[in-house]
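Hi,

Here is the structure we talked about. Please open it alongside this note.

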Amino acid sequence: MNKKILFEAMRTLVAIGVALLLAFIIIFTVSEDPGYALQRFLLGPLSSLRNFGNVLEMAIPLVFTGLAISVMFTAKQFNLGAEGGFFIGAVGATALALSFELPPIIMPIVAILCGGIAGGLGNAIPALLKSKLDASELVSSLMMNYILFWLGIFIINNYFRDAQAGAMASHRLPEQVKLIRVLEGTRVHFGIFIALLMVILVYLFLYRSRWGYALRMVGLNIRFAEYSGINTKSVVLYSQIIGGIIAGMGGAVELLGMYTRFTWFQLPGYGWDGIIVAIMARNNPLLIPVFAFFLGYLRIGADLMSRVTDVPSEVVAIIQGIMIMLVTAERLLAGWRHRMIVKEKMQNQPIDEGGVQNG
Amino acid sequence: MDEILSMKGITKVYPNGIVANKEVDFSVQKGEIHAIMGENGAGKSTLMKILFGMEQPEEGEIHYKGKKVTLNSPSVAIDYGIGMVHQHFMLVPSLTVAENMVLGIEPKRNNVFFDFDKAVRMVEEVSKTYNLDIDPNAVVLDLAVGKKQKIEILKALLRGAEILILDEPTAVLTPQETKELFEELINLKNKGLTIIFISHKLKEIKQITDRLTILRNGRSMGVYDTKDISEQEISRLMVGRDVILTVNKTDAIPGDTVLKIEDLSFYDKGNKPVVKDLSFRLRKGEILGIAGVEGNGQGELVEMITGLKKASKGKIFINDQEATKLSVKNIRNLKTSHIPEDRMVYGVAAEGTIGENLISDRYDYPVYNTGLIQRVKDLVQKSNELIDDYSIKCDGHTQQVNMLSGGNIQKVVVAREFSSDPELIIADQPTRGIDVGSTEFIRNKLVELRDEGTAILLVSADLNEVMELSDSLMVMYEGEMAAYFEDASKVDEMELGMYMLGLKKMEVKEMGGALGE
Ligand SMILES: Nc1ncnc2c1ncn2[C@@H]1O[C@H](COP(=O)(O)OP(=O)(O)O)[C@@H](O)[C@H]1O
Ligand SMILES: [Mg+2]
């Protein structure tokens, strides 16, 4: 088991290394002053508290969508609806915040739950289609992203739009619903603690509850799960709904922590990034914050670099693509691993009795 | 006689770390029938897959007709004249015999169109040359197992095989079919073919082979002339000790009916009956064996009883409760356990840990949960207990199941299924493809459970196994009960074969015993 973890860690490091190396090559070829560009890229996020705060701010929504995707992928449900769930979650929170008045502390909690419910309902549709009609959740969740987007726009435009505001935007969110700032000099908000709480909750759910166990077994071998008496249809259903809830909560937290009004008139993209985070973390909830931070760091670094140098921030897109390809490339380092296994096996062979002990 | 082929110092390590072959030397002489013997998991198939180019060894050399060769794919091996008939046939069921035989080497008309007539002629030609009778126009789907095997052999011969590897060819055959196969093999040998014959059945080996190589735990235990070595010596070399695969078993003392099947039928997607109006009962403290060539409805019967498939017609009662439409979970709650036919598909989550696999039927029991949280410590303790009780050879409960040998994987399944105080066990091929030690263990455990009052339905393609273990025995042929024997110990193997092949069928009134009439 440990060897497997070591091997997976090696593979991730190699992937990151190769991707960064490629990024350096690109920077060296396109930049007039590659040294400075590189410095901004690698160290920029650490150069000021504000920049570092930006990394953390970006990591918060990524933790939510990363967790959402990892729950669904653990069950081998390839639902890509975290994007729509995140968006509709923010809409749900806006709707609550602008419709009811609740006391402070209670209000953000209710708003986040409301966002979660919205996200969960959104994902319930592909989930139901899969468990009842065996429709591919991949296709229907992709479609659902657009449906939820337009539904959200419709709701905001028709019920919560502030006609006075210049651009399309909702009314101002009441103060008592907003999440407080937790780091002086940055916009890092209380959502960071909610995100870490979710990491622990998701971990406990997956590895310490009977529903999590059933979910994991369905992911490992659905026929085995069925044979064991696990209700696989319900797992298919609740894994996706829970994914939707987490994504929706993420949308709500992002809105309440970072914005004064609902102003998104395109999909924010955190759902897609969540897929990258989940893949890098091998769906392990405890690793999700690590890779959310990592991705945030790359993004902010590239952004800082592009602001003061001639290297475009799109470099990050290339890095991401390469990392994902290498991490998911099953055969990467497989030869190395095989040699490791062979070597180990050859050493501790009992020679007597002709006995190669299998198992 | 001269050596046509030799393998030297072959070592093969699979990606999961299992050392399947370790410094194995092996050679065959032209025109002999050479047996590779060894219990399940000894590495016989692996060695032959290396010879056929399907697996690459970590170390070792292969010499063919005096030259060193590299066999890195089956097509290379075929070009050299090596042919292999696998344990599982590789035929396309919907095509005809001729079409299957020329797959990949299709004769063409005008270099474009498939020339069916020529294909038929090619088949007729080899079948005549080697005296192996087959109808080129028959559809493979409709053929019996013995015939399918014949096609596989002919397929290899058509491709110019000089060395023919047969991987456990008799495992799937009835006694009659085995006899026929042996005559054909001797005939092929007389025509100059070299045959490598894998088996772990001692009697067969003594019958037809000239020499034999014994493998144990991936190593060669030497080469012997068949006539110079006794069955007992062979078995000692194979297993490392004397094995008596007979189970010590007293007469059954059957109690009340636990499982009752009434007019049960199952229709496949094409509305073809796969199980037809089957009725029987199984009592407490009794082992009822079901013999039959695979694919005669046994699998569907098991799946209906265990809730994985829904019956098309008829009723199932477990302890007087109707279970026909119950879910798998509810049937398990009626104290039913199930050893599935294919352990890797149903029996385990291969990528899960041993611990996770041992608790899949009880993870949600109240004793293992406090509120929302699982009592992980108790589950781990239970897993460790089971690993000890069933002597599962492993590095601990966190080891991944696919790192274990076949026998130990089956022990994981059995440990889970036997440890839930079952009143009814459906055991489908419980010892298929596993080593002698695990086989003995599982068979004894089944008898032990029977003695404690468990009702056991045993489905097995292994005639020895059903005859040894069963108290009563029925034969299934084309979804129907073809025979029922109240006392399994009085059944003759050849007679059983006749029922299995559909050459004989009992009258309904002769089988009344199945219903306790
Ligand atoms: N593809 C594979 N991957 C990993 N292990 C394997 C594979 N095939 C066989 N093994 C393991 O190698 C050992 C030898 O298997 P095999 O050659 O099939 O034995 P035999 O044919 O003598 O029963 C067994 O322990 C088996 O579980
Ligand atoms: Mg084999």
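Below is what turned up, by topic.

**Confidence.** Please keep in mind that this is a predicted model. Chain A averages a pLDDT of 90, and 96% of the residues score at least 70. Residues 350-359 of chain A are a weak spot, with pLDDT below 50. That stretch still has 28 contacts in the model beyond near neighbours in sequence.

**Salt bridges.** There are 41 over all chains. One of them pairs Glu356(B) with Arg216(A), at 2.5 Å from N to O. Glu356(B) sits in helix H12 of chain B and Arg216(A) in helix H8 of chain A, so this pair joins two chains. Both residues are buried.

Lys155(B) bridges to Glu152(B), with the closest N and O atoms 3.8 Å apart. The two are about one helical turn apart, because they lie three residues from each other in helix H5 of chain B. Lys155(B) and Glu152(B) are buried as well.

Glu175(A) and Lys178(A) also form a salt bridge, at 3.3 Å from N to O. Glu175(A) is exposed, with a relative accessible area of 60%.

In chain B, look for a network too: salt bridges link Lys249(B), Arg450(B), Asp451(B) and Asp471(B).

**Cavities.** Three have a volume of 30 Å³ or more. The largest is about 60 Å³. Its lining includes Tyr227(A), along with Val328(B), Arg332(B) and His338(B). Helix H10 and strand E18 of chain B each give two or more residues to this lining. By type, the lining residues are four nonpolar, four polar and one charged.

Best wishes

Technical notes:
Residues numbered from 1 in each chain as written. Chains lettered and ligands numbered in written order. Predicted model: local features only at pLDDT ≥ 70, side-chain atom pairs only at ≥ 80, totals over all residues. Heavy atoms only, no water. 1 Å grid on protein atoms, 1.4 Å probe; cavity = no way out; pocket = protein on both sides within 12 Å on 5 of 7 lines; lining within 4 Å. Points joined across faces, edges and corners; volume = space filled by probe spheres on them. Helix = DSSP H or I, 4+ residues; strand = E, 2+ residues; numbered from the N terminus. Nonpolar A, V, L, I, M, F, W, Y, C, P; charged D, E, K, R; others polar. pLDDT = per-residue confidence, 0-100. Contact = heavy atoms within 4.5 Å. Salt bridge = Lys/Arg side-chain N within 4 Å of Asp/Glu carboxyl O. Buried < 20%, exposed > 50% of the residue type's maximum accessible area, 1.4 Å probe, protein only.
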